[in-house]
Every structure is written in C-alpha cells, then in structure tokens.
Amino acid sequence: MEQSTPASASPWRVDDGPGAVLRLITTGQARTRTAISEVTGLARSTVGQRLDALAAADLVVETDELVSSRGRPSRALRLNPAAGLMISVDFGEERTRIAVTDLATTILTERVMRLALDDGPETLLDIVGAAIRDAITGAGLDDVPVAGVGLGLPAPVDFGAGQVRGWSIMSGWDGYDIRSHLQQHWRVPVLIDNDVNLLTLAEQRRHWPDQTHLLYIKAGTGVGSGMVIDGAINRGAQGAAGDIGHAHINGYGDPQCRCGNLGCLEALVGGWALARDLRERGREGIHDARDVADRVKRGELDAVARLRSSGRILGEAVAYATSLLNPDVIVLGGLLSVTGDHLLAGVREVIYQRALPLATRQLRIVPTRFRSRAGIAGAGYLVRDHVFDPATLDRTLATGGSPFGTLD
Ligand SMILES: [Zn+2]
C-alpha cells in the first residue's frame with residue numbers, strides 16, 4: 001500500500017522505504033524477505049519493490065546462505081560491501097592512521113603517519129589528502145565510488161559545523177573549517193567528530209548492537225568518554241559531552257593539569273600523570289603512558305599499585321555518570337585499559353559501591369574488544385550512518401541518484 005506523496009518527498013514513507021529496509025539488513029534485525037515482511041508489516045510484493053530499488057543501486061545482494069524462518073529457508077540478504085569506499089582518518093597525538101575501507105568497515109589499504117598536530121590544519125589536511133589519494137591509487141581502487149570521509153580528532157568538535165571548539169592539544173585548529181577545506185576537491189560528505197565519540201560508536205555498532213545505552217571510557221595519555229543514548233551518540237550542546245578529563249576531582253591534592261587548571265581528573269589518572277608520579281618516586285625512564293603500560297605489563301609493583309588506585313579515582317567519576325545515564329554497558333578502552341584487569345578492577349570496585357543498585361543490577365563493565373583500529377571503524381560507521389540515513393537514502397534513490405560520489 002503506497003502513501004500519498006508530497007511533491008518533494010520520496011514515494012514511500014521513510015519508516016518503510018528502501019532506506020529503512022536497508023537499515024534492518026545492516027543492523028541484522030531482519031536478513032530475509034520473510035523477516036523484513038514480518039518486522040515491517042509490508043506485503044511481500046512491497047518488500048520486493050524496496051529490495052529491487054536497493055539492488056538497482058547495487059547496495060544489497062542475496063547471498064548463498066540459507067536462513068530458515070517459519071517454513072522454508074530463504075536466502076540471506078546483506079549489504080554489498082564492495083558498492084563503495086569509505087575513507088577513515090584517525091588523528092592521534094602520536095600517530096595518524098588513514099584507512100580506505102569497504103562499506104562493511106573492512107580495511108582495504110591504510111597508511112600510518114607521524115604528524116605534528118600543531119603544524120596546523122591547512123598543512124596537515126593537505127598531507128592527509130595526498131596520502132588518501134596515494135592509498136586509493138596504490139590499491140587500484142580509483143574507479144570505485146566513495147561514500148564519504150570520516151575524521152576523528154583528539155579535541156572537542158562541533159559536529160554540525162565540522163570544527164574544533166575551544167582548548168585542545170590541536171592548537172591552531174579552533175574554528176577552522178575542515179569540511180570546506182576537504183570539499184574543495186572532494187564531492188562526498190565529510191564528517192568530523194571527536195575521537196572518543198568514534199571509539200564509542202565503533203564499540204556499540206560492532207560489539208553491542210542490541211545495547212542502546214553504552215558509556216565508553218578512554219584511559220590513555222588523557223582521559224575522555226563517549227556515550228550512546230537510545231542508539232545514537234550524544235554530543236551535547238557544544239560537542240563537549242563526555243569531556244570528563246578536565247572535570248575537577250576533590251581530595252587528591254589538586255595537581256597541575258596540562259589545560260592550566262588544577263586537580264582535573266586527567267591530572268590524577270591520565271597516562272602522563274601516572275608517568276609523572278612514578279618519576280617523582282625515583283623511577284627512571286618513564287616518560288609517557290606507553291612507558292607506564294609497559295611497566296604494568298612487566299608486573300612492576302609500584303606501577304601496578306598506581307594504576308589500581310587511579311582506577312578507583314576514575315571509578316568515582318564513572319559512578320556519577322552511571323547514576324546519571326543508567327547505561328547497559330560500560331566499556332573501558334585506551335592504552336591503560338589493555339594492561340590486564342588492574343584499572344578495570346578499581347573502576348568496578350567503586351561503581352558497585354557508589355552507584356544505586358537499580359543502575360548497576362544489569363550493568364556490565366568490560367574492557368574494549370578492539371585490539372586496534374577502533375577509531376577507523378568508528379569513522380566508517382559515522383559515514384555509513386550518514387549516507388544510509390533512511391530519509392536521505394530514500395530521496396536519493398527516488399530521484400535515480402547514487403548515494404556515492406567521487407574525489408576530484
Ligand atoms: Zn585539565
């Protein structure tokens with residue numbers, strides 16, 4: 001049954017158009033014609049029309065896998081990962097990773113570079129742009145259309161404007177129009193987000209798709225967090241949501257933070273702060289978070305003890321967030337979280353003491369399942385969510401257009 005159609009809209013309602021059907025397939029909610037029909041309530045013939053539209057755009061393919069649902073088995077449908085490329089850029093303090101992936105976020109080719117972030121946006125975006133072209137050409141992918149570019153930055157980001165806002169380690173980037181710079185040459189969507197938001201998105205989309213409330217804590221050189229609420233990243237009013245590293249924590253002597261304030265969470269539990277503490281106790285050769293993590297992995301007792309106590313301090317901040325947000329799952333990531341259970345144990349201990357029983361009854365507190373490249377995956381999911389937004393995709397397909405574009 002078709003709906004009456006305003007002139008500018010697509011010839012179907014967004015919630016049962018091809019875009020919605022594609023979303024059911026990519027999220028795994030429905031993988032066969034029968035299942036789609038059951039979930040949406042659409043007639044099989046209408047489901048067939050939606051799938052025809054998606055197949056015509058090369059977005060969905062029928063696989064050989066047979067899935068049985070009520071009666072005879074039917075072929076599983078899936079997103080055609082080869083229909084387009086996604087470009088992910090993960091800017092980091094130590095290194096910047098650039099990857100070209102398929103639509104399933106599988107990496108096809110990548111480059112890792114050491115870039116000084118304070119060289120400023122114009123210089124660095126040109127270097128990154130050249131590296132992306134080089135990677136695509138080197139992998140023989142010049143003829144494949146591009147869905148979009150996702151960038152993660154270690155700074156607060158105004159997502160709508162695509163700009164860094166306020167103080168961060170990316171000096172010179174505040175207010176710079178990153179999207180316009182890249183779109184001088186690229187006719188594809190460019191999406192820019194805070195790096196921890198991308199880690200959060202990657203974790204939820206890939207490993208916890210059925211948990212729609214997820215809190216992610218990154219404990220590395222600095223400390224940050226991200227949150228998925230009702231299935232979507234929450235960025236706050238100015239893009240600063242989750243920036244807990246510079247929240248003040250009382251009772252630990254107010255050490256100097258690198259932001260200029262005193263007693264920030266990061267100045268107590270960030271990797272750089274742990275390195276500072278261990279040096280002050282006479283330990284030599286400990287310069288940064290990586291050195292601290294190495295000492296912990298080797299089982300050096302003072303490093304282990306310091307990490308465990310910092311887990312308890314971090315736990316105080318996370319306990320407040322738990323009471324406020326009531327997440328299904330808290331994921332701990334970052335360099336300091338992959339050193340065994342020391343940090344996790346401290347965090348768990350305090351959360352179960354402090355947060356209310358209702359908020360913790362079903363709560364899981366777990367380490368990240370990514371070994372690396374979570375930022376790359378997150379940038380890919382960001383692009384995919386944007387390009388395959390049901391309303392946007394329906395409009396594109398209704399006009400016979402392609403959801404993909406080209407570089408140059
Ligand atoms: Zn600070």
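Start by selecting E93, which in this predicted model is partly exposed, with a relative accessible area of 41%. Add R258 to the selection, and you will see the two side chains meeting in a salt bridge, at 3.5 Å from N to O. The pair links distant parts of the chain, since E93 sits in the loop between strand 3 (85–90) and strand 4 (96–101) while R258 belongs to the loop between strand 12 and helix 7, 165 residues apart. R258, like its partner, is partly exposed, here with a relative accessible area of 33%.

Stay in the loop that holds R258 and select the zinc ion, whose coordinating atoms are ND1 of H246 and the SG atoms of C257, C259 and C264, at 2.0 to 2.3 Å. The site is tetrahedral, with angles of 105 to 121° among the four donor atoms, and along the chain the donors follow the spacing H-x10-C-x1-C-x4-C. Both H246 and C257 lie in the loop between strand 12 (232–233) and helix 7 (265–269), so this pair ties together parts that are eleven residues apart in sequence. Is C257 buried or exposed? C257 is buried, with a relative accessible area of 3%, whereas H246 counts as partly exposed at 24%.

Next, select R373 and E110, which form a salt bridge with the closest N and O atoms 2.6 Å apart. R373 lies in the loop between strand 14 (364–367) and helix 13 (374–387) and E110 in strand 5 (residues 107–113), so the salt bridge ties together parts that are 263 residues apart in sequence. R373 is partly exposed at 34% relative accessible area, and E110 counts as partly exposed at 25%.

Move on to E349 in helix 11 (residues 342–354) and R312 in helix 10 (residues 301–325), whose side chains meet in a salt bridge of 3.9 Å, N to O. To see salt bridges that share partners, select R283, R295, R298, E300 and D302, which are joined into one network. A search of the whole structure finds 20 salt bridges.

For a contrasting stop, select E203 in helix 6 (residues 195–207). Which side chain of opposite charge is nearest to E203? It is R369, 5.6 Å away, and E203 is buried yet has no salt bridge, a pairing that would need a side-chain nitrogen within 4 Å of a carboxyl oxygen. The side chain of E203 does make a polar contact of 2.8 Å with that of T368, and among the other residues that E203 touches are W208, Y216 and F370.

Technical notes:
Residues are numbered from 1 along each chain as its sequence is written. This is a predicted model: local features need pLDDT of at least 70, side-chain atom pairs count only at pLDDT 80 or more; totals for chains, interfaces and linings use all residues. Side-chain values use heavy atoms; hydrogens and water are left out. Donors are N, O and S atoms within 2.8 Å of the metal (3.2 Å for Na, K and Ca); water is not among the atoms, so sites may look incomplete. Four donors count as tetrahedral if all angles lie between 85 and 135 degrees; four count as square planar and six as octahedral if opposite donors are over 155 degrees apart and all others between 65 and 115; anything else is irregular. Helices (H or I, at least four residues) and strands (E, at least two) are DSSP runs, numbered from the N terminus. Buried means under 20% relative accessible area, exposed over 50%, partly exposed in between (1.4 Å probe, protein chains only). Lys and Arg count as positive and Asp and Glu as negative; His and the chain ends are not counted. A polar contact is a pair of N or O atoms within 3.5 Å; within protein, one must be able to donate a hydrogen and the other to accept it, and residues adjacent in sequence count only if both atoms are side-chain atoms. Contact means heavy atoms within 4.5 Å. Lists of a residue's contacts leave out its neighbours within four places in sequence.
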